[in-house]
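Let's walk through a structure together, with a visitor asking and a guide answering.

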Amino acid sequence: MSGFLAQYGGEIAELTVEHLWLTGAAMLFATAIAVPVGVWLTRRPRWAKPVIGVANVLQTIPSLAMFGFLLPLPWLGERAARVAIIALTAYALLPILRNTYAGIQGIDRSLIEVARALGLTDAQRFFKVELPLAASFILAGLRTATVTCVGIATIAAAVGAGGLGELIFRGVASVDNRLVLAGAIPAALLALVCDGALGLMERWFRIPAPGTAA
Amino acid sequence: MSVAIEFRNVCFATAEGRLLLDGISLAVEEGTTTAVLGRSGSGKTTLLRTVNRMVEPTSGEVLVSGRSVREADLIALRRSIGYVIQETGLFPHMMAERDVALVLEAESRPREERVRRSRALLGAVGLEPEQFAGRYPHQLSGGQRQRVGLARALAAEPGVLLMDEPFGALDPLTRAEMQDMMRGLMARLKKTVLLVTHDLDEALYLGDRIVLLSAGKLVANLGPEEFLRSQQPEVEEYVRAFHRGEERAAEEKRA
């Protein structure tokens, strides 16, 4: 066991970092796209169904197929990491988009009315009222997306993008369960850590319900 | 005395064509409180909301201090008019101190001024600033929340205050306390108040004038004393509805 760790420890650490980087970059892109689009949809609810529908369809594409589709594309295909990040971004869109939209739509209408009646501008209403009130919801979407992507990122190794999936694929190919576990266990732990950390953040932003404890 | 708020033949119809306000004309004297009574759906709230343009009349005109609200800058207009609604109006993610001074924050006034003003107002509505400034709405009782709501409406020193059933959700004793505070405060601050309520008692207690709406029409505009004595059928009906309990008890006594 200790011999195994001595041999593979460095590589596991390196691949974990790579795994995190793929997931992190994808989450960053997905957030940068899905949050503004989600907010925009609350202003144009008529578009909500088709746009969320598209994100939904992206979600249903099997991950291996998605990596396969993207690989032959000109600029993307040059680097496997690009393919992986774009694919993961596509998977992360739906939960973030849906939660951003639902989080803002779900705010008590009378609070929005009050914000308008007090004379807040549209931007002030968004940043001072809507965003903070929807924050825990948006973070919950981000959390779902992150945990999903940490899992899917293991498959990115199939197109040579690296990450912990590499150990898993090598383990499967060489029928070495220790290698499979060396990839799977850190990936699972990573998912748990992300889940816990984002869960804490989400709780931090959660709004206490009126009527509890006076 | 000059007129602070004037409604000139104000009509409002919904997109489906339902007429909610049907030719309302009314002048509210500066520094007075006008209570607007009427059953649910009579158009009280809609009338109130035409003043800060939360509702735009289909026809007719609303003037504040002699100026049509349509000509005013929307944001500036709303900041210059205090607005209090029932129960749910406080932001659950804001401490009382911030919520009260939110309009000042929106105007980018310095923090120190906001804190000072906010604390002074909390004191004015009977909430000890040391104790309540840092509380979130869920840490306040219904009456305390309503006090914070009132303090917030006063933050920008508005001349006009719109109140939409501000004490409707409170128990009778808390409501009475709030009404007393309100009376004291208004006597001191001399605001023009438009108060929507369906509570006759509240209207009589706080109103200098009492306006009765029925199906979007203004059917009475009287002083409290006249309102109680009025022979007008709509007014009588409303007054009678409030005294049924007393009548019943009196009957019991006679029997």
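What follows is a short chat about confidence, helices and one residue.

Visitor: Which helix of chain A has the highest confidence?
Guide: This is a predicted model, where local features need pLDDT (the predictor's confidence in each residue, from 0 to 100) of at least 70, side-chain atom pairs count only at pLDDT 80 or more, and totals for chains, interfaces and linings use all residues. Residues are numbered from 1 along each chain as its sequence is written, chains are lettered from A, and side-chain values use heavy atoms, leaving out hydrogens and water. Chain A averages a pLDDT of 90. Confidence is lowest in helix 4, at a mean of 80, and highest, at 94, in helix 7 of chain A (residues 122-152).

Visitor: What is the handedness of the crossing of helix 2 and helix 5 of chain A?
Guide: Helices here are DSSP runs of H or I, at least four residues, numbered from the N terminus. These two pack at about 145 degrees, axes 7 Å apart; the axes are lines fitted to C-alpha atoms over the stretch in contact, and angles run from 0 to 180 degrees between N-to-C directions. The near helix is turned anticlockwise from the far one by less than a right angle, and that crossing is called left-handed.

Visitor: Is Phe7(B) buried or exposed?
Guide: Phe7(B) sits in strand 1 of chain B, 4.7 Å from Val62(B), C-alpha to C-alpha, though 55 residues apart in sequence. Its relative accessible area is 1%; the cut-offs are under 20% for buried, over 50% for exposed and partly exposed in between (1.4 Å probe, protein chains only). So Phe7(B) counts as buried.
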